Each structure stands twice: as C-alpha cells, then as structure tokens.
Amino acid sequence: MHRDTRAFARQVEERRLDEKIKPVEGFDATPTDKSTSEFQESALFFHRYPRPGKLEIQATKPLGNQRDLALAYSPGVAAPCLAIRDDPDSAADYTARGNLVGVVSNGSAVLGLGNIGALASKPVMEGKAVLFKKFANIDVFDIEVNAGTVDSMVSVIGSLEPTFGGINLEDIKAPECFEVEQQLRDKLDIPVFHDDQHGTAIIVAAAILNGLELAGKEIARAKIVTAGAGAAALACLNLLVELGAKRENIWVHDLEGLVYEGRETLMDCWKETFAQKSTKRDLAESIPEADVFLGLSAAGVLKPEMLEKMAERPLIMALANPTPEIMPDAARKARPDAMICTGRSDFPNQVNNVLCFPYIFRGALDCGARTINEKMKMAAVEAIAELAREEPSEVAARAYSGEPPTFGPDYLIPSPFDPRLILRIAPAVAKAAAESGVAKRPIADMEGYLDQLTRFVYRSGLIMKPLFSAAKAARKKRVVFSEGEDERVLRAAQVLIEEGIAEPILIGRPAVIESRLERFGLKIRPGSDFSVTNPEDDPRFREYVDLYFSLVGRLGVIPEAARTIVRTNPTVIGALSLKRGEADAMICGVEGRYDHHLRDVAQIVGKCEGALDFSAMSLLISQRGATFFADTYVSLNPTAEEVAETTVMAAREIRRFGITPRAALVSHSDFGSRHSDSSAKMRRAIQLVRELDPELEADGEMHGDSAISEALRQRVMPTSTLRGEANLLVFPNLDAANITLGVLKSMMDSLHVGPILLGSAMPAHILSPSVTSRGVVNMATLAVVEASIPA
Ligand SMILES: NC(=O)C1=CN([C@@H]2O[C@H](COP(=O)(O)OP(=O)(O)OC[C@H]3O[C@@H](n4cnc5c(N)ncnc54)[C@H](OP(=O)(O)O)[C@@H]3O)[C@@H](O)[C@H]2O)C=CC1
Ligand SMILES: CC(=O)C(=O)O
Ligand SMILES: [Mg+2]
C-alpha cells in the first residue's frame with residue numbers, strides 16, 4: 001500500500017482539492033462552531049481515502065503454490081466439508097465461524113439519525129466491525145438488509161446461522177427490535193444480542209450503580225427519568241429493575257411526552273410496563289427531584305432549566321449520538337454538582353456500548369456459548385463497575401499513563417481504551433456462561449485464557465494510547481518544529497493543539513504559514529494558538545548566532561558562515577531554541593537528509609551523558625502487532641559496544657509504551673552456527689547487554705525467524721533466555737536494519753512510528769521525508785512524554 005509515501009499524500013491532497021468534499025445536511029457532530037464543517041470534511045475524507053470504507057478481508061492461509069491451492073480449494077476443501085457434515089460443531093475447528101460475528105442492521109434507528117435506511121447505515125456497521133476487531137480481535141461481516149417488517153428481518157437473519165458464531169443486531173428501531181430479537185433467540189443456537197438494547201443497558205447499569213454509590217443513594221429509592229422509550233431506554237430500565245430499581249420511581253418519556261396509564265397514542269406493550277399513574281404529561285413536569293436523567297432519545301431534548309429542579313448530586317446521562325440531549329458544558333453550568341455522562345469520546349464518562357459488546361462477544365465465543373443470558377450480562381455489569389472502583393494499580397497506571405484516574409464524578413466508568421476491559425469482562429462472561437450451563441466449550445484453564453487475552457491487548461494497535469494520555473497529562477510542553485511551513489506539520493500542529501498534547505512553535509515565514517493554513521482549511525492561527533519563529537526576522541538571532549558559534553566555532557565554522565547557517569537552516573534554529581530552553585522538545589527531518597539533520601542535532605543538542613553514539617529505533621505497527629527495530633537510521637557498522645548500548649537504550653524507550661521489551665540480537669548466524677566478524681560482534685554485544693541491563697530479557701545472536709518463533713528458537717537453543725516472540729530486533733548493521741524496515745513496512749502495510757532518536761541529551765527526533773501528518777503527531781507526542789518523564 002502507499003500509506004506512507006509522499007507521492008501518495010500529494011495525490012490524495014490533489015484529489016481532495018479537485019473533488020472538494022461537500023458538507024452533508026443534517027450533520028451536527030460538534031454543534032458549537034465552525035469546526036463542525038471541518039470535522040465533517042475530515043470524517044468524509046477519512047472514510048474515502050486511501051480506499052473507500054474501513055474494512056477489507058484478509059486471507060489467513062498462504063496460497064503460494066499448487067499444493068496450497070489444492071488444500072485450500074478443490075480437492076482438499078472437501079475433507080473439512082465432510083467433517084462438518086458429520087459433526088457440525090467442528091465448523092469452529094475448520095472455518096472462521098467460531099470467531100465471526102454478523103453485525104446486522106436494517107437502518108431503521110441509526111444512532112440518533114433515525115430511519116435512514118440500510119445502505120446509509122453501512123458506515124456505522126463497518127465502524128462496529130472495526131471496534132470488534134480492534135478491541136477484541138473478533139472478525140465481522142457487516143450485513144445491511146432491506147427488510148422493514150419483523151417477519152422479513154427474522155426470515156433473513158434467521159437463515160444466517162451457518163455463517164456466524166454470533167449475531168449482533170444493531171440500530172433496529174423499537175418496538176420491532178424486541179420481537180425480532182426474541183424470535184431469533186428462540187430460533188437460533190448461537191448468541192443473538194441487540195447491542196443497542198443490552199450493550200447499552202450493561203454499560204448504563206454499571207455507570208448508574210457507580211454514580212449512585214458516589215452520591216450516597218440507593219437504587220431502590222432513586223427516581224429515574226428517561227427521555228426515550230425505544231430499544232436502548234427500555235432495555236436499560238429492564239436491567240435496572242433487575243438490579244433493584246422500582247418501577248414506581250421510573251418516569252419514561254418519548255415523542256408524545258410522559259408514558260402514563262391510559263395513554264393511547266404511540267404506545268406499545270413494552271412501553272406500557274413503565275406507564276405511570278399520573279396527571280403529569282411531559283419531561284419538564286416529571287423531572288423535579290429526579291436522581292438520574294437517562295437520555296436515549298435525540299439531540300437537545302433536555303433544557304438547562306429542567307436540571308435546576310433535579311435532586312442533589314444528580315446523575316445526567318445524555319447518551320444520544322452523535323449529539324447528546326444536552327451538551328456537558330450547559331449541564332455543568334446549570335448544575336455544578338452533577339455527574340455528567342455522554343455517549344461521545346470527547347468528554348469524560350463515555351457511556352457507550354463500545355465498552356461492552358466487543359468483550360461480551362469475546363467471552364461468549366471463546367466458551368462456545370449458545371446464547372447471552374441474564375447471568376452473563378450481570379457478570380459484565382459487575383466487571384465494568386468494579387474496574388472503575390479498583391484501587392489505582394500498576395496496570396492502570398500504564399493504561400492511563402502515569403496518572404491512573406481515581407473513582408469519582410469524572411471517572412464513573414473506565415475509558416474505552418482501558419486494556420483491562422477485555423481482561424475483566426471476557427473471562428467473567430465466559431465463567432457465567434459455564435455456570436449457567438450455556439457454554440459448549442467451558443474454559444478449563446482460566447489462567448491460560450487470561451494470558452492469551454493479555455497477549456492480544458499488547459499486540460493490538462492501542463500501543464500509542466498510553467503515550468497520548470501521558471502527553472496530555474504533561475500539560476502542553478513546547479515542541480519546536482523545524483519545517484513549520486510543511487503541510488504535514490501544520491495539520492499535525494492543529495491536532496496537537498486541539499487534543500491538548502503540545503504547544504507547537506513553528507519555524508517558518510509567518511505569511512507563508514498563514515496562507516497555507518487558509519488554503520488547507522485549518523483553523524489554528526499564529527499568536528493565539530501557537531508561536532512562530534521567523535528565520536528572516538527574529539530579535540533573538542544575534543544570541544542564537546553567538547551560541548551556535550560557541551558550539552561549532554572549533555569545528556571549522558567561521559563566524560560569517562555561522563550567521564548564514566542560523567538564518568537559513570531551520571534544524572539549527574530548532575536545536576538552538578531547544579538548547580536555550582525556549583522549547584522542551586524538537587521535531588525535524590520532514591524534509592532533507594537524515595544525516596544532515598543529525599549532524600546539526602549532534603553539534604548543538606549533543607549526546608546524553610556517557611552515551612557512545614546516537615542510534616535510531618523504529619516501531620512498526622501492523623495487523624500482527626507492534627515490533628521495534630534498531631538501529632534503523634544512524635550507525636553504518638556499529639561496534640559491539642554500540643550495539644549493546646542501542647539495545648539497552650531502545651529497551652528503556654519501549655518501556656514508555658507500557659511494554660516489556662524482549663530483545664533479539666539478530667544475525668546471519670543462529671547461536672554460533674556461522675563464524676564471521678559480524679556474528680562474533682553480536683555474540684559479544686549480548687554479553688555486554690547482560691552486564692548493562694541484567695533485568696532485560698534478551699538473547700542472541702540468532703536468525704530473524706528464531707527471534708519471532710519460540711518453537712524454532714527452542715529447537716536450536718532450548719536454554720535461550722528469551723521467551724515468546726521478540727518485540728525488539730537489534731541488527732548488526734544499518735543495511736540490514738534499514739532494508740528490513742523498509743520491506744516490512746511496505747509489504748505489511750504497517751504504520752511506522754519513528755525514527756526515534758536514541759542517545760540525545762534532550763528530546764529531539766529526526767523524521768523521514770515519507771512521514772505522514774499522523775506520524776508527526778505520534779512523534780511529537782513521544783517527544784512530549786520524553787520531556788516530561790526522562791527515562
Ligand atoms: N451511548 C450509547 O451507547 C447509545 C446511545 N444510543 C442513542 O440513543 C438514541 C435512541 O436509540 P434507540 O433506542 O436505538 O432508538 P429507537 O428508535 O428505538 O428509540 C428512540 C426513542 O427516542 C424517542 N425520541 C426520539 N426523539 C425524541 C424527542 N425529541 N423527545 C423525546 N423522545 C424522543 C422515541 O420516541 P417514540 O417512541 O415516540 O418514537 C423513541 O422512544 C439514539 O440517539 C442513539 O444514538 C443508542 C444506543 C447506545
Ligand atoms: C452507540 C450506539 O450503538 C448508538 O448510538 O446507536
Ligand atoms: Mg447502535
């Protein structure tokens with residue numbers, strides 16, 4: 001794929017400008033300001049490029065030769081077909097079915113957008129598929145069906161059982177969804193789970209239990225008022241009743257107003273269960289003294305004046321998507337004592353079914369559950385609620401990077417990126433399934449199962465998340481960007497500012513920066529959002545020249561040349577401002593040669609104390625997981641001492657990601673199988689690594705495949721001090737490291753984070769010209785973390 005190539009970035013940009021994506025009517029994601037249309041344009045662009053949509057199918061078996069073809073297809077494929085005919089359960093052994101969920105919608109209640117139809121629901125269903133994969137490694141086919149009636153839905157979906165290990169119904173409106181789900185549950189021998197009902201109910205119940213505990217209130221006495229009487233709201237109420245809420249304390253509202261006894265319009269038997277004997281008719285009348293507002297309806301339904309009459313320390317759950325019943329700032333203004341939740345990721349307390357559905361299915365599929373029953377749902381509620389109340393632990397510290405949140409009004413439930421969610425919910429659900437007798441394959445070795453889930457968590461692309469949290473907690477360190485006029489840097493600067501990660505300082509001509517910001521439709525502006533260092537005119541430059549000359553005067557640079565270099569070389573300017581303490585970190589290298597940038601950084605910023613040399617590490621994130629490579633950019637042919645130093649510094653950096661490094665020193669020789677200068681060097685280097693960092697799990701010299709496959713390694717060296725798959729590969733020379741990186745990056749369509757400069761006295765990174773704006777954001781984030789928490 002072309003993901004990281006500059007030509008591709010340019011091509012995409014040209015297409016974007018040519019085709020100029022148009023705003024979409026009815027889109028109201030961030031209703032506050034002009035950022036709405038920019039955000040919308042970004043969302044359309046995100047979905048459209050580099051290829052339309054968010055999903056693809058990948059083969060899991062090689063089809064490299066005639067024999068593979070014969071095994072995978074005719075005649076070999078007949079064998080598993082016949083095995084499944086004789087034993088249907090063996091489909092889980094011979095096909096992807098056991099890990100395959102159908103996300104099915106008819107598009108009749110898509111988020112809060114209403115009945116926009118099956119086709120228009122496809123982006124949401126692809127999105128759910130991505131979340132299943134990302135958070136729980138479950139494969140999904142998204143199925144959008146033109147089926148408007150209960151019968152047609154049951155008939156279409158009911159015939160899909162042979163394909164799937166489970167069915168996740170999504171965005172099907174009430175009341176039809178109740179009947180569809182019930183009939184499918186009766187008919188099918190696989191889990192059928194309407195996410196908007198039960199996924200929402202589970203996470204809402206966990207948040208309400210925790211919110212009431214904080215407010216010192218009992219669920220049996222709590223007054224609960226809803227906006228919405230649809231799939232999500234009624235399922236939440238049913239679960240809350242099971243948890244002890246009293247029907248007489250529950251007040252339900254829909255388009256018609258209060259659901260009351262005797263009402264005839266827009267009523268159905270599911271709403272009827274919650275009908276109040278009352279003369280009140282609308283939300284404004286019934287909300288006084290409410291302890292909980294549960295909004296699962298539509299944007300803007302809850303007015304600030306209604307909040308004023310709620311009980312002390314109210315819990316306000318404005319969960320309509322994408323725009324809640326009330327925006328959190330308005331709610332906070334009306335009720336400073338409130339605990340506030342939304343369904344969105346841009347505010348604290350994201351109460352969204354994404355915290356539940358990937359993991360409840362993970363647990364259900366792993367034990368071969370026939371259904372998802374009440375016991376399994378309750379187990380999920382308890383697991384989520386307990387996780388938020390857990391004492392801050394080392395794992396939590398890693399998950400939230402150094403600042404584990406403590407249970408409180410802004411942390412009623414864990415964040416969707418909390419890696420512990422899968423570790424708590426999936427085993428709890430699998431255990432409940434076994435105890436309630438619905439598991440076909442109960443998990444016998446729970447500890448082994450937990451290990452397996454843990455390995456998945458740290459293999460997945462959530463790897464950058466702890467760094468983002470740590471950078472935000474570092475409170476906007478100043479990062480100077482040498483190529484401040486570059487489009488990728490400008491786009492990255494906008495993200496860094498908006499996300500509160502860093503305060504950018506851009507080196508460049510102010511007029512050029514301003515006109516490019518206008519051209520790219522970016523809303524940040526110099527002065528108010530970030531500062532600019534103008535190489536053509538800056539009052540500090542005389543001091544910069546003096547400092548530069550003091551550092552390089554004896555390296556053959558005469559004063560006149562020093563003046564010219566400081567005015568014309570933005571890397572030198574960036575490094576000088578870092579050295580002078582005007583910035584906390586620097587990023588350069590978006591243009592120009594790596595070795596030229598490194599020379600300037602080395603001369604001005606220098607090496608950290610005791611370091612032999614600089615080196616560079618690269619992280620590749622692919623479907624397979626995350627692997628670090630060193631030294632990918634600096635030393636042509638490092639000595640054994642330098643290889644050892646690189647290994648130890650790289651391991652230290654990897655720990656910032658919350659990952660335990662496992663290093664393999666790779667070579668053309670496998671544990672002494674070849675004798676050469678290079679293999680001898682790597683053998684010596686591993687000895688030195690053991691002296692420098694005895695705690696580090698490392699071994700060598702070994703082949704690349706021995707580094708990855710424990711089985712291969714064990715065959716050659718059963719006493720190897722390395723366990724499992726190495727996540728840090730240290731190479732004997734630059735050719736090997738850089739070529740391997742380039743080939744893998746392109747072949748595996750991986751995301752490259754780096755190069756990460758090791759050995760620098762201050763946080764400075766030199767990127768490569770192929771970097772994308774996302775790559776710039778990643779590296780600036782890492783630099784901010786380095787500036788706030790020295791290794
Ligand atoms: N945060 C989360 O995890 C989740 C959020 N949601 C959100 O909840 C909302 C409802 O979803 P869902 O239950 O699946 O959809 P449904 O179509 O099944 O239900 C919608 C309900 O909202 C009511 N409603 C719509 N507009 C208003 C209004 N202006 N005032 C009062 N009530 C109104 C409808 O009333 P009537 O019955 O009269 O038609 C209906 O009862 C959506 O915004 C969705 O995005 C849903 C699931 C999960
Ligand atoms: C989150 C979700 O499923 C919804 O808003 O419909
Ligand atoms: Mg939904």
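**Exercise 1. Determine what share of the contacts in the protein chain with a separation of 6 or more comes from residues 24 or more positions apart, and describe the chain as a whole.**

Solution. In this predicted model, residues 24 or more positions apart account for 71% of the contacts with a separation of 6 or more. Next, consider the secondary structure: the protein chain contains 32 helices and 21 strands. Finally, consider burial: 46% of the 791 residues count as buried.

**Exercise 2. Characterise the shell around ligand 1 by its residues, its elements and its residue classes.**

Solution. Begin with the residues. Ligand 1 is surrounded by 30 residues, and the closest are Gly112, Gly230, Asp254, Ala320 and Gly343. Then assign elements: at least two shell residues each are supplied by helix H9 (195–215), helix H10 (231–242) and strand E6 (250–254). H10 gives the largest share, three residues. Lastly, sort by class: 16 residues of this shell are nonpolar, 10 are polar and four are charged.

**Exercise 3. List the residues that surround ligand 2 and divide them by class.**

Solution. The shell consists of Leu111, Asp171, Asp195, Asp196, Asn321, Gly343, Asn352 and Asn353. By class, one residue is nonpolar, four are polar and three are charged. Gly343 appears here and is also among the closest residues to ligand 1.

**Exercise 4. Locate the largest nonpolar core with respect to domain 2 and domain 3.**

Solution. First, identify the members with the most contacts to other members: in this core of 126 residues they are Cys236, Met317, Ile360, Ala380, Ile384, Ile425 and Val429. Second, find the main contributor among the elements: H9 provides the largest share, 11 residues. Third, turn to the domains. Residues of this core come from both domain 2 (217–353) and domain 3 (356–459), so the core lies between them.

Val429 serves as an example. Leaving aside residues up to four places away in sequence, Val429 touches Ile360, Gly363, Ala364, Met376, Ala379 and Ala380. A second, separate core has 99 residues, including Leu506, Ala644, Val666 and Ala764.

**Exercise 5. Decide whether Asp486 is buried or exposed, and identify the residues that Asp486 touches.**

Solution. Start with the position: Asp486 lies in the loop between strand E11 (477–481) and helix H21 (487–498). Then apply the burial criterion. A residue is buried if 20 or more other C-beta atoms lie within 10 Å of its own. Asp486 has 21 C-beta neighbours inside 10 Å and therefore counts as buried.

Now examine the contacts. Not counting residues up to four places away in sequence, Asp486 touches Val590 and Glu591. Asp486 and Glu591 are 105 residues apart along the chain, with their C-alpha atoms separated by 8.6 Å.

Notes:
Residues numbered from 1 in each chain as written. Chains lettered and ligands numbered in written order. Predicted model: local features only at pLDDT ≥ 70, side-chain atom pairs only at ≥ 80, totals over all residues. Near = placed C-beta within 6 Å. Helix = DSSP H or I, 4+ residues; strand = E, 2+ residues; numbered from the N terminus. Nonpolar A, V, L, I, M, F, W, Y, C, P; charged D, E, K, R; others polar. Core = buried A, V, L, I, M, F, W, Y, C linked by C-beta atoms within 7 Å. Buried ≥ 20, exposed ≤ 12 C-beta atoms within 10 Å, placed from the backbone. Domains from an automatic or database assignment. Contact = placed C-beta atoms within 7 Å.
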